[in-house]
Amino acid sequence: MNFKKFLATTISISLIIFGAEVGAVGMPASELMRLDEAPKGEVARPMQTLTSENSGLNPGYSVTPIQNTRPVAPNDVLPQVTATAAIVIEASTGHVLYERNPDQRMFPASTTKMMTLITALEGNNLDEIVTVGPGAYNAEGSTLWLDVGEKIPLGDLLYGMMLISGNDGAIAIAEHCGGNVPDFAARMTQRAHDLGAVNTNFTNANGLPDPNHYTTARDLAIMAKHGFSLEHFEEICSAKEVSFGWIHDATKLLRNENQMLWLYRGCNGIKTGYTDAAGRCLVTSAKQNGVQLIAVVLDSLYIWNDSIFLLDYGFGRVSSQTLIQPGEVVKTLPITSGRRKSMQVKTAGEIIMPVFAGDDNAYEIVYDLPESLTAPITSGETIGKIRVVLPDGREAASVDVVTTVDVEQKSFFRLILNKIKSFFA
């Protein structure tokens with residue numbers, strides 16, 4: 001057994017013992033997290049306890065917030081939020097519901113790994129096999145305890161990187177997908193800029209401190225917004241626990257460090273982060289009644305409390321409206337060369353859009369449909385789209401329009417006969 005595996009085993013045993021002590025005391029997980037994160041030496045000034053009755057917390061959880069000890073602007077509507085920089089947006093539109101220093105340059109710590117995930121998902125397949133190199137083995141900080149030469153599916157490493165923030169996993173991913181870490185980090189930066197996150201620069205894939213490795217709360221929200229458009233992003237970010245045979249622990253289990261997945265109703269991601277330079281950071285998200293919110297806190301004293309306040313405030317200012325119903329008949333289209341003259345076409349899904357309190361909620365519904373259909377036609381065939389367009393021209397949502405019945409093509413004799421009839425008519 002090498003030193004890394006010995007250390008991993010020792011830590012696992014310690015965690016089991018610690019967990020048993022916590023269970024004996026019976027202290028709620030949310031209370032444990034609050035006390036664990038309380039800055040040393042500060043006087044706790046309790047506020048109203050948050051529960052599922054007055055907050056988006058899941059039933060059975062409660063959090064007693066601590067009064068913010070940092071100065072905030074007099075007009076700040078959330079003075080209890082302790083983060084230096086924070087933002088909450090609605091994901092489909094990018095509409096900002098709250099912001100504090102959203103464009104201030106900050107160190108992102110391990111929230112960096114969200115963009116590592118996005119870059120890997122956009123350019124690679126989850127079943128690709130990654131061979132762990134020396135760079136990953138020698139990584140500092142949080143680790144998956146990878147060994148040189150191990151061969152692990154890329155998808156497994158992405159889970160490990162996002163759930164327990166394995167810095168070694170991030171390096172292995174970067175080297176596999178980009179050849180080396182600097183080149184992959186440059187790709188991450190360019191992709192972030194392409195998305196509109198122009199105040200960001202990455203020098204590595206895991207978020208370890210570097211003066212030239214920085215971002216903003218707004219930029220992280222922009223990246224997260226894009227992430228939800230990618231296959232597997234939400235699936236990975238929202239996983240509470242996963243098991244893999246290659247894990248160097250008797251349990252073979254990874255458990256997500258993002259406690260909001262347990263605490264908050266509808267939470268579906270995304271990533272924690274901490275370094276001495278960055279402070280406590282969290283990009284989190286939640287979906288309720290068809291509305292997807294993304295909240296970012298950087299350099300926070302209490303990341304869980306701050307994120308709960310942000311999401312509660314956001315959901316309090318937005319509701320949902322169903323613009324397009326699933327299976328809704330859109331139009332009756334004529335059919336050429338078919339055994340029937342027309343057909344109703346319908347939506348293959350629904351479109352739910354947010355409605356913001358006190359703001360203009362103008363949406364344009366655009367129908368991209370053909371003027372007619374040509375046989376043969378198969379039921380369920382996609383023939384167009386309905387798009388929801390924002391006032392600035394951006395597409396916020398879309399749904400396919402599909403056919404409803406099979407239509408055979410007319411015989412060749414029938415087609416010729418119809419041509420003759422139309423000629424003389």
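**Figure 1. Strand 7 and strand 8, side by side.** Two strands pair if DSSP finds at least two bridges between them. Helices (H or I, at least four residues) and strands (E, at least two) are DSSP runs, counted from the N terminus. What you see is a predicted model, in which local features need pLDDT of at least 70, side-chain atom pairs count only at pLDDT 80 or more, and totals for chains, interfaces and linings use all residues. Residues are numbered from 1 along each chain as its sequence is written, and side-chain values use heavy atoms, leaving out hydrogens and water. Here strand 7 (267-275) and strand 8 (279-288) sit antiparallel, linked by eight bridges. Together the two strands make a hairpin, with three residues between them. For a handy landmark, look for Cys267, whose bridge partner in strand 8 is Ala286. Strand 8 is also mostly covered, with eight of its ten residues buried (that is, under 20% relative accessible area with a 1.4 Å probe, protein chains only; exposed is over 50%, and partly exposed lies in between).

**Figure 2. On to strand 9.** Strand 8 has another antiparallel link, as eight bridges join strand 8 to strand 9. The hairpin of strand 8 and strand 9 has two residues between the strands, and there Asn289 takes a positive phi near 50°. Gln288 has Val291 of strand 9 as its bridge partner. Elsewhere along the pair, Arg280 stands opposite Ser300 in strand 9.

**Figure 3. The whole five-stranded sheet.** Zoom out a bit and the two hairpins fall into place: the sheet is open, its five strands pair antiparallel, and their order is 2-1-9-8-7. Strand 2 (96-100) and strand 7 are the edge strands, each pairing on one side only. From one strand to the next, the twist averages 5° (axes are lines fitted to C-alpha atoms, for helices over the stretch in contact, and angles run from 0 to 180 degrees between N-to-C directions).

**Figure 4. Helix 8 on the sheet.** Helix 8 (217-227) lies across strand 1 (85-90), strand 2, strand 7, strand 8 and strand 9. Against strand 9, helix 8 runs at about 145°. Most of helix 8 is tucked away, since eight of its eleven residues are buried. The buried residues of helix 8 are Ala217, Asp219, Leu220, Ala221, Met223, Ala224, His226 and Gly227.

**Figure 5. Inside the second largest pocket.** A pocket is an open set of points on a 1 Å grid over the protein atoms alone, where a 1.4 Å probe fits, with protein on both sides within 12 Å along at least five of seven lines; lining residues have an atom within 4 Å of a point. For this pocket the lining comes to 21 residues, and Ser92, Lys287, Gln292, Ala396 and Ala397 lie nearest its centre. Helix 8, strand 9 (291-300), strand 13 (351-356) and strand 17 (395-403) are the elements that give two or more residues to the lining.

**Figure 6. Two cis peptide bonds.** One of them joins Gly269 and Ile270, with omega about 5°. Ile270 belongs to strand 7, so this bond takes us back to the hairpin of Figure 1. The other joins Ala375 and Pro376, again with omega about 5°. Pro376 is in the loop between strand 15 (373-374) and strand 16 (382-389).

**Figure 7. Positive phi in the loops.** Asn101 has a phi near 45°, positive even though the residue is not a glycine. You'll find Asn101 in the loop between strand 2 and helix 3 (113-123). Asn101 is partly exposed, with a relative accessible area of 37%. Trp145 has a positive phi too, near 60°. Its place is in the loop between helix 4 (134-137) and strand 4 (151-153).

**Figure 8. Around Glu175.** Glu175 sits in helix 6 (167-178) and is partly exposed, at 28% relative accessible area. Setting aside neighbours within four places in sequence, Glu175 is in contact with Gly133, Gly135, Ala136, Asn180 and Val181 (contact means heavy atoms within 4.5 Å). Val130 is 45 residues from Glu175 in sequence, and the two are 8.9 Å apart in space, C-alpha to C-alpha.
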